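Here is a short note on the structure, as numbered points. Please read it beside the coordinates.

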Amino acid sequence: MAAKESYDLVIIGSGPGGYVAAVRAAQLGLKTACVEKEARLGGVCLNVGCIPSKALLDSSEYFHLAQTKLAEHGVKTGRVSLDLAVMLARKDKVVDDLTQNVRKLLERNKIDIISGLGRVAGPDRVEVTTGKSKPQVIATRSILLATGSAPMEVPGLAFDGERMVSSSEALKFDSVPKKLGIVGGGYIGLELGSVWMRLGAQVTVIEMLPRIAANLDSQVGRRLDRLLRRQGMAFRLQTKVSKAVVSGKKVKATLESKGASETLSFDRLLVSVGRRPLTQGLGLEEVGVAMDANSGHVLVDTAYQTNVKGIYAIGDLVPGPMLAHKASAEGIAAVEGLAGRAGEVNYDTIPSVVYTWPEVASVGLTEDEIKERGIPYCVGNYPFAGAGRARCMGETDGFVKLIAHGKTDRLLGVHIIGPRAADMIAECVLAMEFGAGSEDIARTVHGHPTFAEALQEAAMAVRNCSIYAG
């Protein structure tokens with residue numbers, strides 16, 4: 001079939017990797033098209049991931065504050081009640097506004113938006129199917145795959161969209177479940193668990209590992225565990241859900257731990273054990289694109305090119321943390337590389353954030369990883385209880401942990417659990433990107449009173465622990 005149109009670059013997927021790559025490509029003078037199968041642009045992140053979950057986290061936090069914290073500030077509200085329909089409608093409007101902004105951004109940069117299911121028909125061909133007519137074939141010099149990921153299913157815990165749900169359905173429950181079970185103690189389960197717990201659900205997180213949020217620095221993870229338990233979240237660690245059966249409006253889950261088993265009943269069961277690359281239907285096997293047999297990731301080189309010349313992949317499709325900002329950075333780097341420029345992503349300085357309350361934000365190595373590598377190091381800690389701004393707000397839980405090389409003082413990692421950690425980590429990412437040491441942060445004047453002063457204090461504390469230097 002003859003191609004109707006010809007482009008320099010066709011991108012399949014309009015999420016944070018795809019649309020950011022498209023804009024950068026257009027800025028570099030490449031004739032670009034973006035193919036999207038869904039009615040709205042923005043991919044998983046904007047539609048059923050980062051954005052709606054954070055909208056609900058913020059709304060539920062306001063509800064929780066009104067119930068439990070405003071009185072101590074002298075604000076009398078009377079009886080506080082929940083209008084879940086309004087809360088969900090607000091979340092939907094936030095999503096709609098942002099997805100519309102993505103469309104306007106692409107249109108403003110003269111990027112063609114092609115609606116339909118994209119499939120790689122060859123190194124220089126993309127086939128788009130709408131279901132209403134014959135497939136459209138688009139000729140292109142290069143193809144960038146940015147289709148993201150989907151929730152991973154567990155044998156015996158198949159999604160039914162009503163009682164046994166993925167994170168997508170957990171964003172739109174029509175009522176607050178009395179009992180919510182969550183399989184998986186990663187950031188997605190903890191965030192969505194926080195939303196429904198604040199709104200009145202009894203939340204139980206079931207995790208196979210000995211601790212929640214296993215990728216966090218262990219000291220930070222222990223504090224997060226303690227604070228979430230204090231808020232009312234229950235944890236069943238080193239426990240596996242072997243099967244779950246829907247019975248009427250309940251889910252009966254069989255838990256196994258240390259040789260014993262028991263059955264718990266939930267109104268809803270959220271299965272959140274990770275995500276898988278979304279490669280199905282892309283035609284990658286037919287054109288010979290290499291993929292990891294175990295993880296399903298698309299294999300790429302340092303320029304994000306697959307083994308098939310002209311076909312590139314980024315974001316959740318390729319190895320590494322499944323984070324929206326990682327996908328955006330890779331999209332820019334991939335496009336700059338194929339345009340003849342130097343594109344690169346520094347994976348050592350990609351921040352990660354858990355949007356519970358208090359928030360958790362990290363960049364660089366954890367203390368456990370540093371010990372495993374035998375690197376001499378020094379740690380500085382400072383509690384938010386010592387920060388004036390945190391005292392004023394009544395948000396004193398948590399601390400800043402800064403780890404520097406024991407001989408060079410260069411920052412190795414920063415881990416924050418506390419108020420506004422998600423925003424504070426940006427300073428640390430910039431510092432590490434420029435190879436700063438703890439002394440650089442310690443000597444930088446921070447405004448008073450601010451949460452960021454806790455970071456400065458932690459940097460100052462590094463000087464007091466030279467005992468760790470090798």
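1. Start with a free cysteine. Cys34 has a relative accessibility of 0%, so Cys34 counts as buried. Cys428 also counts as buried, because its relative accessibility is 0%. Please keep in mind throughout that this is a predicted model.

2. Now the disulfide. The structure holds one. The bond links Cys45 with Cys50, at an S to S distance of 2.4 Å. The cut-off for a disulfide is a sulfur pair within 2.5 Å. The torsion about the S-S bond of Cys45 and Cys50 is about -135°, so this disulfide is left-handed. How exposed are the two partners? Cys45 has 11% relative accessibility and therefore counts as buried. Cys50 has a relative accessible area of 29%, so Cys50 is partly exposed. Cys34 takes part in no disulfide. For Cys34, the nearest cysteine sulfur belongs to Cys45, 14 Å away.

3. Next, a buried acid. Asp316 lies in the loop that runs between strand S17 (311–313) and helix H8 (324–338). Which side chain of opposite charge is nearest to Asp316? That side chain is Arg275, at 4.6 Å. Asp316 is buried but has no salt bridge. The cut-off is within 4 Å, from a side-chain nitrogen of Lys or Arg to a carboxyl oxygen of Asp or Glu.

4. What does the side chain of Asp316 make a polar contact with? The partner is the side chain of Ser149, at 2.7 Å. Setting aside residues up to four places away in sequence, Asp316 touches Gly148, Ser149, Pro277, His297, Met322 and Leu323.

5. Pro151 deserves a look too. Pro151 sits in strand S7 (residues 149–151). Pro151 and Ser167 are 16 residues apart in sequence, yet their C-alpha atoms are 7.4 Å apart in space. Ser167 is also one of the contacts of Pro151, once neighbours within four places in sequence are left aside. The others on that list are Phe159, Ser166, Gly274, Arg275 and Arg276. Arg275 thus appears twice in this note: as a contact of Pro151, and as the nearest side chain of opposite charge to Asp316.

6. On to the open sheet. Five strands form this sheet, in the order S8-S15-S9-S10-S11. The pairing is parallel. Which strands stand at the edges? They are S8 (164–165) and S11 (234–237). Each has a single partner strand, so one side of each is left without a neighbour in the sheet.

7. Within that sheet, take one pair. Strand S9 (residues 179–183) and strand S10 (residues 202–207) pair in the parallel sense, over five bridges. Lys179 has Gln202 in S10 as its bridge partner. As background, strands of a sheet pair through backbone hydrogen bonds, either parallel or antiparallel.

8. The antiparallel case is here as well. Strand S4 (residues 117–122) pairs with strand S5 (residues 125–129) in the antiparallel sense, over five bridges. How many residues lie between S4 and S5 in the hairpin? There are two. For a reference point on the pairing, find Gly118, whose bridge partner in S5 is Val128. When following side chains, recall that in a regular strand they alternate between the two faces of the sheet.

9. Check the cis peptide bonds. One joins Trp357 and Pro358, with omega of about 5°. Pro358 is in the loop between strand S18 (352–354) and strand S19 (359–364). Another cis peptide bond joins His448 and Pro449, with omega of about -5°. Pro449 is placed in the loop between helix H12 (438–443) and helix H13 (453–462).

10. Last, the backbone of two loop residues. Ala213 has phi near 45°, a positive value in a residue other than glycine. Ala213 falls in the loop between S10 and helix H6 (218–231). With 10% relative accessibility, Ala213 counts as buried. Asp409 has a positive phi as well, near 75°, and is likewise a residue other than glycine. The loop holding Asp409 connects strand S21 (399–405) and strand S22 (411–418). Is Asp409 buried or partly exposed? Its relative accessible area is 22%, so Asp409 is partly exposed. The cut-off for buried is under 20%.

Conventions. Residues numbered from 1 in each chain as written. Predicted model: local features only at pLDDT ≥ 70, side-chain atom pairs only at ≥ 80, totals over all residues. Heavy atoms only, no water. Helix = DSSP H or I, 4+ residues; strand = E, 2+ residues; numbered from the N terminus. Buried < 20%, exposed > 50% of the residue type's maximum accessible area, 1.4 Å probe, protein only. Lys, Arg positive; Asp, Glu negative; His and termini not counted. Polar contact = N/O pair within 3.5 Å; in protein donor to acceptor, adjacent residues only side chain to side chain. Contact = heavy atoms within 4.5 Å. Pairing = 2+ DSSP bridges.
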